[in-house]
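How can one find a path through a protein chain when sequence and structure are both on the screen? Please take the time to turn the model slowly and to follow the text step by step.

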Amino acid sequence: MTPPTPEVRAVIDLISAQFPPLGTEMTDIAEVRAFFAARPRPETVPLPVAAVTDEDADGVPVRVYRGVLDPDAPVVVFCHGGGFVLCDLDSHDDFCRAVADATGATVVSVDYRRAPEHPFPAAPEDAYTALLWAARTHPGRTLAVAGDSAGAHLATVLALLARDRGGPRLAFQALYYPMLDPRRSRPSHRENAQGCFLTADHLRWYWDAYLPDPADRTHPYAAPLAHADLAGLPPAHVVTAGLDPLRDDGTAYAAALASAGVAVQAHHYPGMFHGFLSMAAALPEATAARTTAFTVLRDALS
């Protein structure tokens, strides 16, 4: 494991102090969400996105970002992270604006129902409803899915659902540090269990909230890394971070996709931590990595 630089350590310590201590001192969902909502938010400069609107995607709230007012612009359906429990349209607003601005795509950010009130399969079904809406609302456009962490999990499942349910056709899947293994069985879950923002306690709490029924933990749409047939999925980009307990989820999934004949680009950042792509304002390494990720996505959509 590459140790964090002092600059990276300072960012990790800052965001860790602003995050609820899930699964240890704090377990009540109302308390957790109140803590999360009250955390300080950095001031950001609005990005030049052509238009941002909140819309209804057949009962699922979405926020639509139009990077350019182009009737032929590609469409990216984005699922936010947060362990299936936290985060929302607002928490990932800046990131979605950055995607739209960098790629010129129309980004549809999905406000799916969250656990524990709405465990599996509520989130993937909401995301699929939004995907169908996006395809119907923007006919003929190139369509992709993307997400970070638990949202990257949902993006993988959208790719599976689109294949298994006969559409819509997807051109690409962008998966940023995906959360894919309910068993939390790989070495990175032990090596990075504490001290680098996302912890083993967080992940246990998230999975228990999302998959309270043990039988669901072998469902291919709940555990795609271990239990899904990946053949016939769209090309993928997988980003992983060396200090992330989810590092090996991502690297294993990239390898599994390649073994199934899916074209994969993988970028690994040894000195980075979970969520680092959202820290571009604080870290030059994150800025460079985000530029690479958005370039890959833009090129895949062109």
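The paragraphs below go from the sheet to a helix that packs on it, then to aromatic rings, charged side chains and some special places in the backbone.

It should be said at the start that this is a predicted model. A good place to begin is the sheet, which is open and is formed by eight strands in the order E1-E2-E4-E3-E5-E6-E7-E8, with mixed pairing. At its edges stand E1 and strand E8 (264-269), and because each of them has a single partner strand, one side of each is left without a neighbour in the sheet. Neighbouring strands of this sheet are turned against each other by 20° on average, if direction is ignored. To look at one pairing in detail, the reader may turn to E6 and strand E7 (residues 236-241), which pair in the parallel sense over four bridges, and where Tyr-176 stands opposite Val-239 in E7.

Helix H3 packs on the sheet, where it touches E1, E2, E3, E4 and E6, and the direction of H3 makes about 45° with that of E2. How many of the residues of H3 are buried? Of its 11 residues, eight are buried, and the helix is therefore described as mostly covered. These buried residues are Asp-93, Phe-95, Cys-96, Arg-97, Ala-98, Val-99, Ala-100 and Thr-103. What covers them includes strand E1 (51-57), strand E2 (60-66), E3, E4 and E6, and also helix H10 (284-301). Helix H10 itself lies across E3, E5, E6, E7 and E8, and runs at about 170° to E6. Just after H3, the chain comes to Gly-104, which takes a positive phi of about 75°.

The aromatic side chains give another view of how H3 and H10 meet. A pair of aromatic rings is described by the distance of the centres and the angle of the planes. The structure holds 12 aromatic pairs, and one of them is formed by Phe-95 and Phe-294, an edge-to-face pair with 5.6 Å from centre to centre and 65° between the planes. This pair links distant parts of the chain, since Phe-95 belongs to helix H3 and Phe-294 to helix H10, 199 residues apart. Both Phe-95 and Phe-294 are buried. Another pair, that of Tyr-269 and Phe-276, is tilted, with 5.4 Å between the centres and 55° between the planes, and here too both residues are buried. Phe-95 and Phe-294 also belong to one aromatic cluster together with Phe-78 and Tyr-176, and Tyr-176 has already been met opposite Val-239.

Rings can also be found beside charged groups in this model. The charged end of Arg-39 sits over the ring of Phe-36, 3.8 Å from its centre, while that of Arg-165 sits over the ring of Tyr-128, 5.0 Å from its centre.

Side chains of opposite charge can pair when their charged atoms come close. The structure holds 18 salt bridges. In one of them Glu-55 meets Arg-66, with the closest N and O atoms 3.2 Å apart, and this pair links strand E1, where Glu-55 is found, to strand E2, where Arg-66 is found, 11 residues apart. Glu-55 is partly exposed with a relative accessible area of 25%, and Arg-66 is partly exposed with 21%. The side chains of Asp-299 and Arg-298 also meet in a salt bridge, at 3.8 Å from N to O. Salt bridges that share partners join Asp-54, Arg-63, Asp-90, Asp-93 and Arg-97 into one network, and Asp-93 and Arg-97 are among the buried residues of H3.

Finally, some places in the backbone deserve a careful look. The peptide bond from Ala-115 to Pro-116 is cis, with omega near 0°, and Pro-116 is found in the loop between strand E4 (106-110) and helix H4 (122-137). Gly-167 and Pro-168 are likewise joined by a cis peptide bond, in this case with Pro-168 in the loop between helix H5 (150-164) and strand E6 (172-176). Cys-87 is not a glycine and yet has a positive phi of about 70°. Is Cys-87 buried or exposed? Its relative accessible area is 12%, and because buried means under 20%, Cys-87 counts as buried.

Terms used: Residues numbered from 1 in each chain as written. Predicted model: local features only at pLDDT ≥ 70, side-chain atom pairs only at ≥ 80, totals over all residues. Heavy atoms only, no water. Helix = DSSP H or I, 4+ residues; strand = E, 2+ residues; numbered from the N terminus. Buried < 20%, exposed > 50% of the residue type's maximum accessible area, 1.4 Å probe, protein only. Contact = heavy atoms within 4.5 Å. Pairing = 2+ DSSP bridges. Axes fitted to C-alpha atoms, helices over the stretch in contact; angles between N-to-C directions. Phe/Tyr/Trp six-rings, centres within 6.5 Å; stacked < 30°, edge-to-face > 60°. Lys NZ or Arg CZ within 6 Å of the ring centre and 35° of its normal. Salt bridge = Lys/Arg side-chain N within 4 Å of Asp/Glu carboxyl O.
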